[in-house]
Amino acid sequence: MSARAAGGGGDGAGRGRRKPLAKVSLSSLSAAAAEAATFPIDAVKTRLQLHRGTGGSGGGGGGVMRVAGELVRDGGIYRGLSPAVLRHLFYTPLRIVGYEHLRSTFASGGRDAGLLEKALAGGVSGVVAQVTRLLKDQTRTVLYSEFHDG
């Protein structure tokens, strides 16, 4: 086993910068994969809720299978996936990498972070990510309405 593979030696100059980039990239990739895997289920759920809201049965009688079939027939099972994936490409790394950074910042003197510090790190990173997401969504909505209103 080489010294570099064992974690020692090598010119570690670029390793410190690559680690956060790798975390951001991997958290973005995993969030995109999770969104793509669960998106069809969410599409069916949303369509069922809309059917219920408009007075449709939305329930028994093969409702789930019927709605899923309609979505597949209409080509809508993955309609809207791109914005959902793009949202997670920014939102998830902010939460995950932000939490890890804050947790290690709160843990001082080489000790592990306590429960309160971990909860605080999770809360702060979640709030920052959520505010960032809400600002992006609000900006998108305003731009969309201005574009369509003329």
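**Close-up views of a predicted model**

**View 1. His 101 and its place in the chain.** His 101 counts as exposed, because its relative accessibility comes to 52% and the cut-off for exposed is over 50%. Keep in mind for this and every other view that the model is predicted. As for where the residue sits, His 101 belongs to helix 3. Put Ser 125 in the frame as well: the C-alpha atoms of His 101 and Ser 125 lie 9.2 Å apart in space, with the two positions 24 residues apart in sequence.

**View 2. The whole chain, for orientation.** Zoom out for a moment and the chain shows 4 helices and 0 strands. Read from the N terminus, the order of elements is simply α-α-α-α. Burial across the chain comes to 21% of its 150 residues.

**View 3. Helix 2 and its two sides.** Helix 2 takes in residues 63-74, 12 residues in all, and stretches 16 Å from first C-alpha to last, close to the expected 16 Å. Which residues of helix 2 are buried? They are Gly 63, Val 67, Glu 70 and Leu 71. These four share one side of helix 2, because the arc they cover around the axis is only 100°. Look at the other side of helix 2 and you'll find Met 65, Val 72 and Arg 73, which are exposed. Just past the helix comes Gly 75, with a positive phi near 70°.

**View 4. The largest pocket and its lining.** Here's the largest pocket, with a volume of about 170 Å³. Its lining is made up of Phe 39, Asp 42, Ala 43, Thr 46, Arg 47, Leu 50, Leu 71, Gly 76 and Arg 79. Which helix gives the most to that lining? That would be helix 1 (residues 15-53), which puts in 6 residues. Leu 71, one of the lining residues, is also among the buried residues of helix 2. Sorted by class, the lining comes out as 4 nonpolar, 2 polar and 3 charged residues.

**View 5. Phe 39 and Tyr 78, ring to ring.** The aromatic count is 1 pair. Phe 39 and Tyr 78 make up that pair, and they're stacked, with 6.4 Å from centre to centre and 10° between the planes. The contact ties together distant parts of the chain, since Phe 39 sits in helix 1 and Tyr 78 in the loop between helix 2 and helix 3 (81-106), 39 residues apart. Are the two partners buried or exposed? Phe 39 counts as buried, because its relative accessibility is 10% and buried means under 20%. Tyr 78 has 43% relative accessibility, so it counts as partly exposed. Phe 39 should look familiar from the previous view, as one of the residues lining the largest pocket.

Notes
Residues are numbered from 1 along each chain as its sequence is written. This is a predicted model: local features need pLDDT of at least 70, side-chain atom pairs count only at pLDDT 80 or more; totals for chains, interfaces and linings use all residues. Side-chain values use heavy atoms; hydrogens and water are left out. Helices (H or I, at least four residues) and strands (E, at least two) are DSSP runs, numbered from the N terminus. The expected span of a helix is 1.5 Å times one less than its number of residues. Buried means under 20% relative accessible area, exposed over 50%, partly exposed in between (1.4 Å probe, protein chains only). The arc is that of the directions from the helix axis to the C-beta atoms. On a 1 Å grid over the protein atoms alone, a cavity is a set of points where a 1.4 Å probe fits but cannot get out, and a pocket is an open set with protein on both sides within 12 Å along at least five of seven lines; lining residues have an atom within 4 Å of a point. Grid points are joined across faces, edges and corners, and a volume is the space filled by probe spheres set on the points. Ala, Val, Leu, Ile, Met, Phe, Trp, Tyr, Cys and Pro count as nonpolar, Asp, Glu, Lys and Arg as charged, and the others, Gly among them, as polar. Rings of Phe, Tyr and Trp (its six-membered ring) pair if their centres lie within 6.5 Å; planes under 30 degrees apart count as stacked, over 60 as edge-to-face and the rest as tilted.
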